[in-house]
Amino acid sequence: EESALGNLIDFSRVLGLYYGDPEPELLEAYDYIVVGAGPAGSVVANRLTEDPEVTVLLLEIGKAEIPLIQQVPGLFVTQALTDYNFGYLTERQRKACLGLVDQRCAWHQGRGLGGSTIINDMLYTRGNRRDFDYWNVTGNPGWSYEEVLPYFLKSEDAKIKDFGNNGFHNKGGFLPIEDAAYRSPLVKALIKSSEKVGLPYVDYNGYEQTGSSYAQFTLRKGRRMSAGAAFLQPISERKNLHILTRAWVSKVLFEGNSAEGVTYMRNKKTYHTKAKREVILSGGTFGSAKLLMLSGIGPQDHLRELGIKVVRNLPVGETLYDHPAVLGPVFTASNLNDGNENSNSFLSLPNLMQYLQGQGPMSSALAEGFAFFRSPFALYPDPNWPDVELLQLFINPGDDATPAAMKYFRINNETMEQYFKPLYHKRAFMFLSVLLHSTTKGSLRLKSTNPFDHPEFRYQYFDDDRDLEALVYAMKTAVKITSQKPFRDLGVKLYQNKLPGCKHLTFNSHEYWRCHAMTLTYVGYHFVGTCKMGPRTDRTAVVDHRLRVHGLRKLRVADVGIIPEAPSGHTQAYAYMIGEKAADMIKQDNYQRWR
Ligand SMILES: Cc1cc2nc3c(=O)[nH]c(=O)nc-3n(C[C@H](O)[C@H](O)[C@H](O)COP(=O)(O)OP(=O)(O)OC[C@H]3O[C@@H](n4cnc5c(N)ncnc54)[C@H](O)[C@@H]3O)c2cc1C
């Protein structure tokens with residue numbers, strides 16, 4: 001990350017989006033201070049400043065987004081190689097990431113005005129209605145599906161051809177949700193083939209999630225719409241919102257048990273700013289947990305070990321879930337001549353010309369379609385509550401002649417050379433097999449009291465063997481789906497080359513797929529739980545149902561870190577919804593006017 005070009009020259013000053021005066025004359029105190037401009041923080045800052053009387057300071061470590069590069073969906077994997085990524089790594093894995101460099105997976109996390117939505121894959125999924133009903137009945141009133149749906153809708157400006165008018169979508173919000181402008185023949189085959197194995201074509205953001213579908217994206221006319229572009233840029237004229245980039249918040253300041261402001265560092269100087277009403281932490285699952293602990297809120301033994309004065313003993317960082325995933329299975333498609341053979345054909349002038357008109361493969365996030373279904377290892381008995389997902393991509397890492405994909409996934413040389421490289425001149429594609437309800441739980445702690453240090457992660461993929469078995473089931477289902485006629489017509493065949501490390505096993509056997517998953521482990525990037533929401537009686541909870549930190553005043557957490565269990569969907573939609581709901585709760589609790 002230190003060597004990223006953007007760290008030496010700040011291109012965002014000239015090429016970045018404009019969100020208002022980048023060096024506003026600061027007030028001594030603001031009504032609200034929001035820490036972190038990811039999707040949740042951007043929504044909170046936007047909604048609270050609808051009232052021109054209310055002042056908000058939004059502090060963000062990263063920089064303005066550069067649309068020229070970051071809004072190109074087809075360049076998705078390269079975004080994580082820039083300094084818009086914190087560049088975290090897992091600890092060395094025992095049963096996972098075996099084909100990756102040092103047996104460590106990349107835990108990319110975005111930073112900048114938009115947070116991870118600047119570097120994410122733009123897939124928009126709301127999970128399952130049962131997630132929210134479960135949160136609601138486990139001590140979080142107000143979070144049932146019926147109660148959160150209006151907040152999903154509030155953000156949304158949907159253009160979805162087949163399902164736009166089914167009652168689960170809205171028009172006119174800040175956040176565009178669109179179909180991809182480009183669809184490969186593979187995703188069409190996915191929908192038809194899934195139907196043949198009993199997975200109907202559905203709006204997975206609609207009434208029921210089980211089935212297959214074209215993905216919906218945070219795109220506008222083939223360009224990425226980050227949270228910054230969607231929620232901050234359009235309100236750049238508001239004088240009551242001050243946005244500071246490159247501002248690293250290092251501490252929340254307390255008087256007794258009441259949050260009174262923050263300390264932040266910017267341009268090597270330290271500043272203190274006061275909050276008259278509240279401090280809202282939207283630093284993301286890792287950022288908010290880290291900041292709470294640095295401020296004395298966390299497990300008291302851990303804080304004392306580091307010499308941090310304890311403000312409140314709470315289980316911050318003690319819960320950490322992800323969606324464990326696998327790169328694969330991989331398939332070849334001998335009858336497919338769609339021009340997406342490899343990076344040579346993909347990064348072509350005709351494709352670039354098409355992209356400029358919001359079309360063609362470069363306008364696509366590379367992932368195209370989903371199938372959501374249940375494995376026999378599902379945690380919850382409800383038959384309509386899928387625990388696994390297949391995400392179909394129209395390419396594979398072997399298509400990339402640049403080091404981008406290899407670095408993004410951390411694929412080691414041996415695996416790249418022997419397994420993926422032979423596919424460069426063949427038309428091949430892959431699935432990502434994803435486990436939604438992981439039972440493997442990890443934790444996050446501080447490495448030191450230095451706010452710039454990465455957190456210490458304790459998370460071992462497949463710690464619970466059930467997670468691995470569920471993923472193997474998903475991979476076998478991918479093989480079943482691709483053996484149906486619509487895929488066969490495209491000449492689709494399972495790629496039979498064995499992975500290094502799995503060569504002693506019979507190809508396509510149960511043991512082989514277990515080995516594949518352990519070798520080519522992928523990360524869901526859906527980290528949740530470090531600031532878990534739950535009632536005071538829940539000894540694992542950090543915030544209550546109104547997102548107030550237990551036992552403290554004037555302090556809330558509003559980001560995906562509050563999600564109590566591994567969710568049924570990718571998490572950006574959750575973040576936008578949490579931001580919308582948090583903003584309303586803050587207004588209610590502060591008797592603030594809103595439109
Ligand atoms: C590579 C990748 C791909 C993904 N793909 C998808 C996808 O396709 N679909 C999907 O639904 N989800 C996806 N996600 C996940 C999704 O983007 C996140 O869940 C979502 O962005 C979380 O939103 P958030 O507001 O909670 O926090 P974040 O997006 O993490 O934003 C937090 C912000 O706070 C800032 N911050 C943190 N600490 C401080 C501090 N101390 N001071 C000042 N600022 C601070 C950070 O710099 C960051 O900008 C992906 C994530 C990644 C990393």
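A residue counts as exposed if 12 or fewer other C-beta atoms lie within 10 Å of its own, as buried if 20 or more do, and as partly exposed in between. The model shown in these views is predicted.

**View 1. Asparagine 267 sits in a loop between two strands.** The loop runs between β13 (258-266) and β14 (269-281). Asparagine 267 has 7 C-beta neighbours inside 10 Å, so it counts as exposed. Its phi is positive, at about 50 degrees, although asparagine 267 is not a glycine. Most residues other than glycine have a negative phi.

**View 2. Arginine 246 also has a positive phi without being a glycine.** The value is near 50 degrees. Arginine 246 belongs to the loop between β11 (241-244) and β12. How many other C-beta atoms lie within 10 Å of arginine 246? There are 19, so arginine 246 is partly exposed.

**View 3. A cis peptide bond joins glycine 328 to proline 329.** Omega is near 5 degrees here. Most peptide bonds are trans. Proline 329 is part of strand β17, which covers residues 325-333.

**View 4. A shell of 43 residues surrounds the ligand.** Which residues come nearest? They are Gly36, Gly38, Gly115, Gly284 and Gly287. Four elements give two or more residues each to this shell: α3 (39-48), β12 (248-255), α10 (284-294) and α19 (572-589). Sorted by class, the shell holds 18 nonpolar, 21 polar and four charged residues.

**View 5. Helix α19 is largely enclosed by the rest of the structure.** The reason is burial: 13 of its 18 residues are buried. From first C-alpha to last, α19 reaches 26 Å. That is close to the 26 Å expected at 1.5 Å a residue. Just after α19 comes tyrosine 591, with a positive phi of about 50 degrees.

**View 6. Helix α16 covers residues 465-482.** It has 18 residues. Its first and last C-alpha atoms are 26 Å apart, close to the 26 Å expected at 1.5 Å a residue. Which residues of α16 are buried? Among them are Asp467, Leu468, Tyr473, Met475 and Ile481. Thr477 and Thr482 are buried too.

**View 7. Three strands form an open sheet.** Their order is β5-β6-β8, and the pairing is mixed. β5 (156-159) and β8 (216-217) stand at the edges. Each has a single partner strand, so one side of each is left without a neighbour in the sheet. β5 pairs with β6 (residues 175-179) in the parallel sense, over four bridges. Glutamate 156 stands opposite leucine 175 in β6.

**View 8. Isoleucine 66 lies in the loop between β2 (56-59) and α4 (67-70).** Isoleucine 66 is partly exposed, because 19 other C-beta atoms lie within 10 Å. Which residues does isoleucine 66 contact, leaving aside its neighbours within four places in sequence? The partners are Phe11, Ser12, Leu15 and Gly16. Asparagine 384 is 318 residues from isoleucine 66 along the chain, and their C-alpha atoms are separated by 41 Å.

**View 9. Residues 110-133 carry a UniProt annotation.** The unreviewed entry names this feature "domain: Glucose-methanol-choline oxidoreductase N-terminal". In the model, residues 110-133 are 21% helix and 0% strand. The C-alpha atoms at the two ends are 30 Å apart.

Definitions and conventions: Residues numbered from 1 in each chain as written. Predicted model: local features only at pLDDT ≥ 70, side-chain atom pairs only at ≥ 80, totals over all residues. UniProt positions renumbered as here; feature names shortened; annotations may be inferred. Near = placed C-beta within 6 Å. Nonpolar A, V, L, I, M, F, W, Y, C, P; charged D, E, K, R; others polar. Contact = placed C-beta atoms within 7 Å. Expected span 1.5 Å × (residues − 1). Pairing = 2+ DSSP bridges.
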